[in-house]
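User: Please take me through one strand of this model in detail, residue by residue where you can. Then place that strand among its neighbours and in the rest of the fold.
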Amino acid sequence: MSNDYDVNLRYGVDTSLDLSGKVAVVTGGLGGIAMASNEMLLEKGASLALLYPPFEAEKVESVRDQFDAARVQFVCCDVTDPASVEQAFSEVEQHYGHIDILVNCAGYVMLQPVLETDFAEWQKQIAVNLTGPFLCAQAAGKRMVQAGNGGKIINIASQAASIAIDNHVAYTSAKAGLLGMTKVMAKEFAPHRINVNTLSPTVVLTPMGEKAWRGEKGEQMKTLIPLGRFAYTDEIAAAVLFFASNGSDMITGADLMIDGGFTIW
C-alpha cells in the first residue's frame, strides 16, 4: 500500500464560517467582548445561551428585547459555584438538546500592587478568571464527549498571562493558569475532536477595560504597544468566530495573541 498523500485533497474549510445548527454557550454573556461575539455568532447562524451572574438580572431585562427569543436563552449562573454551573449547563442542554461551542468570557480584574493585594481579592480573581472557566469547560466538555460530535472551547485569557505588568499579580496568576489548563484540556479532549484554545487580548475597550486603563495610565500603556492603540471588541469577536468555525479544526492548545505587538518587546 502506498504511503503517498494526495496533495490536491482539501479538508473542506467553510470560508463562509457558517455555524447554522450550532449552540454556543457564552459566559459573562452581557460583557463587552461577549456582546460583540454574540452578534457575530448569531450572524453566522448559531443559537446562544448567555450565562450571566445573579447581580446582572436587571441588565438582562434591559437587553432581552434586542435578541430573538427563539435563538437566545438567558441563564443565571455563578461560574465560581460547581452546583450553579452544573444546573446552568443542564438547562442549556434541556433547552437546545446539545452544546457545540463554549466561550469563556466571564472575567474580573482589580489592579493592586503585590503588597496591597489582600487574600479575599486574590481568591475572587482566581475564582472568576480560573476556577470559573475550569468548571464551565468541564461541564461543556463532559456533554460534548457524551454527544460524540466534537466541539470548540474558547477561553479568553490576556496578554497579562505571558508578560509581567505592574499591579496585576492576581489577574496574571489566574490567566497564566488558564493557559496551562487549556493545554491539558486540549490534549485530553483531542481524541474526541474537541478543540480548546485561548485568546490573549491587550487592553480591550470594554467598560471593564476602560475603567482600569483610563487617563494617563492608559496613555502610557499605549506607548508600549507597537500598533499604538487598544483593541476593539469586534476584533476579539472575530477571533472567537474563527475558533468557533471549522477553519480552526487543526488548532488546539494554542494561544492567539491579539495585543498589537505588546509581547514582542
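Analyst: Start with one cut-off. A residue is called buried when its relative accessible area is under 20%, and exposed when that area is over 50%. Between these limits a residue is partly exposed. Keep in mind that this is a predicted model.

Now take strand E6, which covers residues 194–201. How many of its residues are buried? The count is 8 of the 8, so E6 is largely enclosed by the rest of the structure. Both faces of the strand contribute. Ile194, Val196, Thr198 and Ser200 point one way from E6. Asn195, Asn197, Leu199 and Pro201 point the other way. The residues of both sets are buried.

Which strand pairs with E6? E5 does, in the parallel sense, over 6 bridges. One position shows the register: Lys152 stands opposite Asn195 in E6.

Move on through E5. This strand spans residues 151–156. It also runs parallel to E4, with 4 bridges joining the two. Here Asn104 stands opposite Asn155 in E5.

E4 itself holds residues 101–104. Its side chains also alternate. Ile101 and Val103 point one way, while Leu102 and Asn104 point the other way. All of these are buried.

E4 has a further parallel partner in E1, residues 23–27, over 4 bridges. The bridge partner of Thr27 is Asn104 in E4. Asn104 therefore serves as a handy landmark: it is the bridge partner of Thr27, it stands opposite Asn155 in E5, and it is buried, as the cut-off of 20% defines that word.

Follow the chain out of E5. The loop between E5 and helix H5 (169–189) holds His168. Is His168 buried or exposed? Its relative accessible area is 6%, so His168 is buried. Which residues does His168 touch, leaving aside neighbours within four places in sequence? The contacts are Leu111, Gln112, Ala160, Ser173 and Trp213.

Asn167 lies in that loop between E5 and H5 too. Its relative accessible area is 34%, so Asn167 counts as partly exposed. Its backbone deserves a look: phi is near 70°, a positive value in a residue other than glycine. Leu17 also has a positive phi, near 60°. Leu17 sits in the segment before E1. At 23% relative accessibility, Leu17 is partly exposed.

Return to Trp213, one of the contacts of His168. Lys217 lies over the face of Trp213, at 5.5 Å from the ring centre. A second lysine is placed over a ring elsewhere: Lys222 lies over the face of Phe230, at 5.6 Å from the ring centre.

What about rings against rings? The whole structure gives 2 aromatic pairs. Phe67 and Phe74 form an edge-to-face pair, 5.8 Å centre to centre, with 70° between the planes. Phe67 and Phe74 are both buried. The rings of Phe242 and Phe243 have centres 5.6 Å apart and planes at 35°, so this pair is tilted. Phe242 is partly exposed at 31% relative accessibility. Phe243 is buried at 3%.

One more site, in helix H3, residues 82–96. Glu93 is found there. Its relative accessible area is 30%, so Glu93 is partly exposed. Not counting residues up to four places away in sequence, Glu93 touches His98 and Arg143. Glu93 and Ala49 are 44 residues apart in sequence, with their C-alpha atoms 9.7 Å apart in space.

Last, the whole protein. The secondary structure comes to 8 helices and 7 strands. Of the 265 residues, 48% count as buried. Take contacts between residues at least 6 apart in sequence: 73% of them join residues at least 24 apart. The radius of gyration is 19 Å, which agrees with the value near 18 Å for a compact globule of 265 residues. Along the principal axes, the C-alpha atoms fill a box of roughly 60 × 45 × 30 Å. The protein exposes about 13400 Å², and carbon and sulfur atoms supply 55% of that area.

Back to the strand you asked for. E6 is buried at 8 of its 8 residues, and E6 pairs with E5 in the parallel sense.

How values were computed:
Residues numbered from 1 in each chain as written. Predicted model: local features only at pLDDT ≥ 70, side-chain atom pairs only at ≥ 80, totals over all residues. Heavy atoms only, no water. Phe/Tyr/Trp six-rings, centres within 6.5 Å; stacked < 30°, edge-to-face > 60°. Buried < 20%, exposed > 50% of the residue type's maximum accessible area, 1.4 Å probe, protein only. Lys NZ or Arg CZ within 6 Å of the ring centre and 35° of its normal. Rg over C-alpha atoms; globule rule 2.2 N^0.38 Å. Contact = heavy atoms within 4.5 Å. Areas by Shrake-Rupley, 256 points an atom, 1.4 Å probe, with all protein chains shown as cover. Pairing = 2+ DSSP bridges.
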